[in-house]
Amino acid sequence: MDRYAVIGHPVGHSKSPLIHALFAQATGQALAYTAIEAPLDGFAATVDAFRAAGGRGLNVTLPFKLEACAYADEVSERARVAGAANALAFDGGRCRADNFDGVGLVRDLQVNLGQPLAGRRVLVLGAGGAARGALQPLLQAGPDAVVVANRSVAKAEALVAALQALGLGREKLAACGYADLAGQPPFDVVINATAASLGGEPLPLPSGVFAPVTLAYDMVYGQGLTPFLRQARAAGAGRLADGLGMLVEQAAESFAWWRGVRPDTRPVIERLATPLT
Ligand code: ATR
């Protein structure tokens with residue numbers, strides 16, 4: 001049976017084995033998908049051993065997404081732009097890398113949540129790897145503006161400059177600090193790509209960022225109403241979503257890339273969703 005896995009550290013919490021088992025069952029594909037915890041200094045050796053045992057592909061989660069790019073023989077354009085890979089495929093001794101996180105996010109927003117992006121104003125909070133991975137697919141969806149706001153303004157500016165140097169989002173993409181959002185028109189979509197959601201302290205967002213039309217989206221999942229979503233609701237955001245749909249959509253992209261069959265994501269999202277209360 002063809003073998004796949006998610007590799008990370010830690011990886012015990014990952015829902016990917018369940019998601020891929022549900023996809024395999026629904027599409028009639030015979031495959032095994034497990035979770036592998038690699039030592040922090042042992043990513044390449046663990047991948048080598050998985051390949052030597054006949055492994056066909058890996059999803060890559062924290063903290064190995066950058067290393068996965070460096071490990072691969074061929075890196076897709078979007079993984080290069082994201083600076084990270086979340087999926088590897090092994091064929092005939094070669095390793096290909098791709099990154100489906102951003103397309104998973106955009107698909108979740110547009111298809112599952114029915115939130116158009118074309119002509120809309122999008123705010124991305126955070127300027128780390130999670131934000132970087134989202135920017136190219138967001139820009140490709142044709143928004144009016146994508147603003148990257150971060151605690152460290154210099155980091156947001158560097159991220160925007162790096163994308164603009166690649167010819168992306170020239171006049172649509174802007175960087176700022178949280179305080180600089182004051183007085184800007186409200187956003188249609190506000191995406192939390194910071195790690196702050198996990199800590200519990202609210203982001204210092206000025207009033208006016210959220211409006212009744214705003215969809216507030218937290219990239220984390222399975223935590224119910226996160227501090228960010230709570231903050232967004234209190235500030236007037238009309239709709240809230242967590243990152244489960246993004247997780248399932250990136251998994252479906254990986255599955256289709258490996259197996260040539262795209263599974264239906266809706267039943268899996270419905271099965272795994274936790275109420276936002
Ligand atoms: P990831 O790869 O998951 O995006 P990262 O590269 O470490 O992780 O980036 C973490 C992001 O969360 C950064 O945007 C960080 O802001 P700074 O660049 O200013 O450090 C943000 N972050 C983490 N903790 C935060 C907090 N308590 N308040 C605001 N932003 C926070």
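Let's start with one residue of this predicted model: leaving aside neighbours within four places in sequence, I191 is in contact with L105, L109, V122, L123, V124, L125, L138, Y217 and M219. That list is a good doorway into the inside of the protein.

## The nonpolar core

I191 belongs to the largest nonpolar core, which has 30 residues. Together with L105, L109 and L138, I191 is among the residues with the most contacts inside this core. Several elements give two or more residues to the core: the helices α5 (101-112), α6 (129-140) and α7 (153-165), and the strands β7 (121-125), β8 (145-149), β10 (189-192) and β11 (215-218). Which element gives the most? That is α6, with 5 residues. As background, nonpolar side chains in soluble globular proteins tend to be buried together.

Close in sequence to some of these core elements is a charge placed over a ring. R121 lies over the face of F187, at 4.3 Å from the ring centre.

## Two domains

The chain is divided into domain 1 (2-99) and domain 2 (102-244). How many Å separate their centres, taken over C-alpha atoms? The distance between the centres of domain 1 and domain 2 is 27 Å. The two domains do touch: 8 residues of domain 1 are in contact with 9 residues of domain 2.

## An aromatic cluster

The model has 8 aromatic pairs by the rule used here. Two of them involve W258, and the table shows their geometry.

| Pair | Centre to centre | Angle between planes | Kind |
|---|---|---|---|
| Y4 and W258 | 4.7 Å | 35° | tilted |
| Y33 and W258 | 6.4 Å | 45° | tilted |

Both pairs bring distant parts of the chain together. Y4 sits in strand β1 (residues 2-8) and W258 in helix α10 (residues 244-259), 254 residues apart. Y33 is in strand β2 (residues 31-37), 225 residues apart from W258. Y4, Y33 and W258 form one aromatic cluster.

Are these three rings' residues buried or exposed? The cut-off for buried is under 20% relative accessible area. Y4 has 2% relative accessibility, so Y4 counts as buried. W258 is buried too, because its relative accessible area is 12%. Y33 has a relative accessible area of 10% and is therefore buried.

## Two helices, α10 and α1

W258 leads us to its helix. α10 is mostly covered, with 14 of its 16 residues buried. Its length can be checked as well: at 1.5 Å a residue, the 16 residues should span 22 Å, and because the end C-alpha atoms are 22 Å apart, the two values agree. Just after α10 comes G260, which takes a positive phi of about 75°.

α1 (16-27) can be looked at in a similar way. This helix has 12 residues and reaches 16 Å from its first C-alpha to its last, close to the 16 Å expected at 1.5 Å a residue. Which residues of α1 are buried? They are S16, I19, H20, L22, F23 and A24. The elements that cover them include β1, β2, β3, α10 and α11 (266-272). After α1 comes G28, with a positive phi near 70°.

## Three prolines to find

Now try finding some prolines in the structure. The peptide bond from H9 to P10 is cis, with omega near 0°. P10 lies in the loop between β1 and α1, so you can look for P10 on the way into that helix. The peptide bond from L62 to P63 is also cis, with omega near 5°. P63 is found in the loop between β3 (55-60) and α3 (65-71).

The third proline is P206, in the loop between α8 (196-199) and β11. Is P206 buried or exposed? Its relative accessibility is 19%, and because the cut-off for buried is under 20%, P206 counts as buried. Not counting residues up to four places away in sequence, P206 touches Y178, A179, L181 and A182. A158 makes a useful landmark here: the C-alpha atoms of P206 and A158 are separated by 23 Å, and the two residues are 48 residues apart along the chain.

Note on methods: Residues are numbered from 1 along each chain as its sequence is written. This is a predicted model: local features need pLDDT of at least 70, side-chain atom pairs count only at pLDDT 80 or more; totals for chains, interfaces and linings use all residues. Side-chain values use heavy atoms; hydrogens and water are left out. A nonpolar core is a set of buried Ala, Val, Leu, Ile, Met, Phe, Trp, Tyr and Cys residues joined through side-chain atoms within 4.5 Å. Buried means under 20% relative accessible area, exposed over 50%, partly exposed in between (1.4 Å probe, protein chains only). Helices (H or I, at least four residues) and strands (E, at least two) are DSSP runs, numbered from the N terminus. Contact means heavy atoms within 4.5 Å. Rings of Phe, Tyr and Trp (its six-membered ring) pair if their centres lie within 6.5 Å; planes under 30 degrees apart count as stacked, over 60 as edge-to-face and the rest as tilted. A charge sits over a ring if NZ of Lys or CZ of Arg is within 6 Å of the ring centre and within 35 degrees of the ring normal. The expected span of a helix is 1.5 Å times one less than its number of residues. Domain bounds come from an automatic or database domain assignment.
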